[in-house]
Amino acid sequence: MCGIIGYIGDKNPKGILLDGLKRLEYRGYDSAGIAVLHDKQVEVFRCQGRIEALEKRLSNADFKGSLGIGHTRWATHGAPTERNAHPHQVGAITLVHNGIIENYLEHRERLQAMGRKILSETDSEIVAHLFDLEVSQGKTLLQAIAAVLPRLKGSYAFVVLSKNEEDTIIGVRNGAPLLVGLGDKENFVASDVQAILHRTKQIIYLKDHQIAVCHRGNVEIKDLYGKDTPFEVKTINWSADQMEKAGYRHFMLKEIHEQPQALAQTIETNIDHQSGLVSIPELSSLRSWLKDLDQIQIVACGTARHAGLVGRYYLERFARISVKVDFASEFRYRDPLLSTKSLVVLISQSGETADTLAALREAKTKGAKTLAICNVRESTLARDADLVLYTNAGPEIGVASTKAFTTQLAMLYMLAVEAGQANGNIDETYAKELTADLLKLPFLAERTLLLEKQIEKMAGDHLDCSFFFYMGRDVQYPIALEGALKLKEISYAHAEGYAAGELKHGPIALIDRTAAVLIIAPKDTEPTSAPEGMAEHSKTLFEKTMSNLQEVKSRGGKILAFGSENDPSLAQHADCLIQLPAASWALNPVLMAIPLQLMAYYTALFRGTDVDKPRNLAKSVTVE
Ligand code: M6R
C-alpha cells in the first residue's frame, strides 16, 4: 500500500520528493508528508489528504539541504489524520514505513512504561522510538536498525534518516517492496520504480532483510548483521513516458486503449511463427512434467482471481486437467491439499500482493511446483516462484486493473494450449487453429475499442439505475464478476456479478424497473478442428442466457446486452445493445471485458468520482 521515496544527492529534495510522491499516489492517498535534513535539523511537513494538499502547504516553504524522505499513506493503524501521517520523527530519528508491525502493542507498552510519549496511533512511530533508543545509546543508524529488526514481527519497508548522519539514508525491507535507484552523485530509495524511473534506470531491488545504506557518492547493501552482501544492478526497460497519461484524461482510459498493444506484446514472445504454434519458452523445462500433472490450483486476489476463473475454463477444456481457483486470502489458511504433482499458478499484476505471496510460500512448503503470471519484473512473486510468465502489459497505474487483466487471460490461454499439447489432449491442427485465432486478438480488441462512444452513451443513459446486475454463463461468468467489480470500485454504484443460471436462486428478487441488467451473451465461433460438440455447447449456453434475459424483462429490468455482430437475435429484446466483433469461445471473454471496463469508466466519469484513485483503495495491497 503506502508509497515511499527517499533522496540523497546535491539537489534540493523538495521537488524530487513531491514529484516522486505524485507518481506513487496510486499506492495510497489518505495523507502525505515529507522530511528534509539540513544542519542537524529535520523539518517535517505532513497533512491529511492528497499530495496536492501537501504541495499547497509547501508552496512557500524554502528547504535547505539535499536529503529527505517522503510518504503517501493508505491507513492501516490509526485514522488518516495529520497526526498519523508519515514521516514520524522521534528524537534523532525520522522514518517512513509501509507495512504492518504485528507486535507493535507490546513495544508500545514497554516504551510507555519507560516514559516515552507516543503521539500517534501508528505502529510506525513505535519503530521510530525503538531506533531512537538505540541511537541515544551511542549506536550509528545502521547499528540501531540492525539491533531493532530482529525484534519486529510483520512486514515492512522503512526508509530512515538520523539527525546525526547527514550523508546517510537507510532503506530496509521485509515483505514489502523497496528498491534503490543509482544516480550520478545522487541516489534514491523508493517503494516502486515508477517514482524514479525518469531520473535513473539503474535499479537495485532489495531482498527481504537487506539493508541499503545510501550515501551521496555510493550505496552499500548489508545483511541484518551489517555485513556487505552481494547485489545486482538491473537496467529497467520501461520508459518514463509509459508512466505519463499521454494526453488521456485518466490512466485508466489510457490503459484501456493500450490493450491491443499490450496483448500483442504478451502474445508475440510466446509464438513460434515457423510452426504456427504457441510455444512459451519458460515452459520448456516443464513440458514432460506437465504430462503427469494431476491438478492445477490457481490462486490470486481481485481482478487477477477473475482471470484465474477464466483460466480454469481454458485449462479444463484444452488440457482436461482438474483446476481449482481460490482467493489467496482463503487458500493460505485452509491447509490446501497439494502434492509434488500439483501446479500452483499465482496470478498478480504487481507481484507484491501480500496474500498472494503468502499463498506462494504455502504452496512451496507443501512441495507443489509454483508458476507466477505477473506483470512487474523483479517483483517478489516473480523472484520467488519456480517459474514466471510475464504479461508484457507495461506499467499499470490506474487502481482499476484493465490491461493487466486481459493480458493475464491471453497468458492463461497460451498456458492451456501448451498444457493441452503436452498431455496430448489437443492435436497439432487444433493447436495451430487456436494459435492463429489468438494472433487476431489484438486486432479484435482494437475493433472493440471503436465501440467506445456507444458505451459512453449507454453509461450516461443509465446513471439513475439503483443497481447493476451483471450476468454471464460458463466462461463469461467470471467476466460478469469482473464487470461488476470494475463498476463498484470506481463509480461506487452497487453492482453484483452472477452466473446467469443462479438468477432464479435468489437475485431475481432484486430485479425491478430501477435495475440495470448487463447480459454478456456472445455468439461464439469455433475453430473448424474443435472437438465435436463445442459449437453445440456454445449454442446451448446462448439459448439458456436468452431465457434468463426473458425472465429479467418480464420483471421490468432494463436489459443492457453485450453480444456479437454476427447475431441479430439480441436486438429484439435488449433495451440497449453493444455488438462486438465475432470471436471464438476462448477469445470472447477478453473482448467482453473491454466494453465493461469502458462502462465502468464512463459511469464513474459521469458520477464525478476520482477514476484513478477511488476512495479507500490502493493499487497494490501489500498488507493482509
Ligand atoms: O497486483 P495484483 O494483481 O495482485 O492485485 C490484485 C487485486 O488487488 C487487484 O486486482 C484489485 O482487485 C484491482 N483494484 C481490481 O481492479
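**Which helix gives the most to the shell around the ligand?** Keep that in mind as you work through these exercises on a predicted model.

## Exercise 1: The ligand and its shell

Find the residues and helices around the ligand, then say how much of the ligand the protein covers.

*Solution.*

1. Begin with the opening question: helix H9 gives the most to the shell, with three residues.
2. Next, look for helices that each supply at least two residues of the shell: these are H9 (302-318) and H17 (477-491).
3. Now take the whole shell. The ligand is surrounded by 13 residues, and the closest are Ser348, Gln349, Ser350, Thr353 and Glu489.
4. Turn to the oxygen atoms of the ligand. One is 2.4 Å from an N or O atom in the side chain of Thr353. A backbone N or O atom of Ser401 lies 2.8 Å from a ligand oxygen, and for a polar side-chain atom of Lys486 the distance to an oxygen of the ligand is 2.9 Å.
5. Finish with the cover: on its own the ligand has 410 Å² of accessible area, and the protein covers 91% of this.

## Exercise 2: Domains and cores

Divide the chain into domains and work out where the largest nonpolar core lies.

*Solution.*

1. Mark the domains: domain 1 is 3-243, domain 2 is 247-439 and domain 3 is 448-624.
2. Compare domain 1 with domain 2. Taken over C-alpha atoms, their centres are 34 Å apart. Each of these two domains brings 13 residues to the contact.
3. Now find the largest nonpolar core, which has 100 residues. Tyr314, Phe318, Leu371, Phe468 and Tyr470 touch the most other members.
4. Ask which helix gives the largest share: H19 (residues 588-607) does, with 13 residues.
5. Place the core. Domain 2 and domain 3 both give residues to it, so the core lies between them.
6. Zoom in on Tyr314. Beyond its neighbours within four places in sequence, its contacts include Leu409, Tyr413, Val475, Trp585 and Pro589.
7. Look for a second, separate core: it has 34 residues, among them Leu54, Leu197, Met243 and Phe251.

A helpful background idea is that nonpolar side chains tend to be buried together in soluble globular proteins.

## Exercise 3: Buried or partly exposed?

Sort Ser342, Asp355 and Gln143 by relative accessibility, and find a polar partner for each side chain.

*Solution.*

1. Recall the cut-off: buried means under 20% relative accessible area, exposed means over 50%, and partly exposed is in between.
2. Start with Ser342, in strand E19 (residues 342-348). Its relative accessibility is 1%, so Ser342 counts as buried. The side chain of Ser342 reaches the backbone nitrogen of Ser339 at 2.7 Å. Away from its close neighbours in sequence, Ser342 touches residues including Trp289, Leu293 and Lys369.
3. Move on to Asp355, in helix H11 (residues 354-365). With a relative accessible area of 11%, Asp355 is buried. Its side chain makes a polar contact with the side chain of Arg332 (2.7 Å). Other residues in contact with Asp355 include Cys301 and Glu624.
4. End with Gln143, in helix H5 (residues 141-148). Here the value is 43%, so Gln143 counts as partly exposed. The side chain of Gln143 reaches the backbone nitrogen of Thr140 at 2.8 Å.
5. One last distance: Gln143 and Gly6 are 137 residues apart along the chain, and their C-alpha atoms are separated by 20 Å.

Terms used: Residues are numbered from 1 along each chain as its sequence is written. This is a predicted model: local features need pLDDT of at least 70, side-chain atom pairs count only at pLDDT 80 or more; totals for chains, interfaces and linings use all residues. Side-chain values use heavy atoms; hydrogens and water are left out. A nonpolar core is a set of buried Ala, Val, Leu, Ile, Met, Phe, Trp, Tyr and Cys residues joined through side-chain atoms within 4.5 Å. Buried means under 20% relative accessible area, exposed over 50%, partly exposed in between (1.4 Å probe, protein chains only). Helices (H or I, at least four residues) and strands (E, at least two) are DSSP runs, numbered from the N terminus. Domain bounds come from an automatic or database domain assignment. Contact means heavy atoms within 4.5 Å. A residue is near a molecule or strand if one of its heavy atoms lies within 4 Å of it. A polar contact is a pair of N or O atoms within 3.5 Å; within protein, one must be able to donate a hydrogen and the other to accept it, and residues adjacent in sequence count only if both atoms are side-chain atoms. Accessible areas come from the Shrake-Rupley method with a 1.4 Å probe; for residues, only the protein chains shown count as cover.
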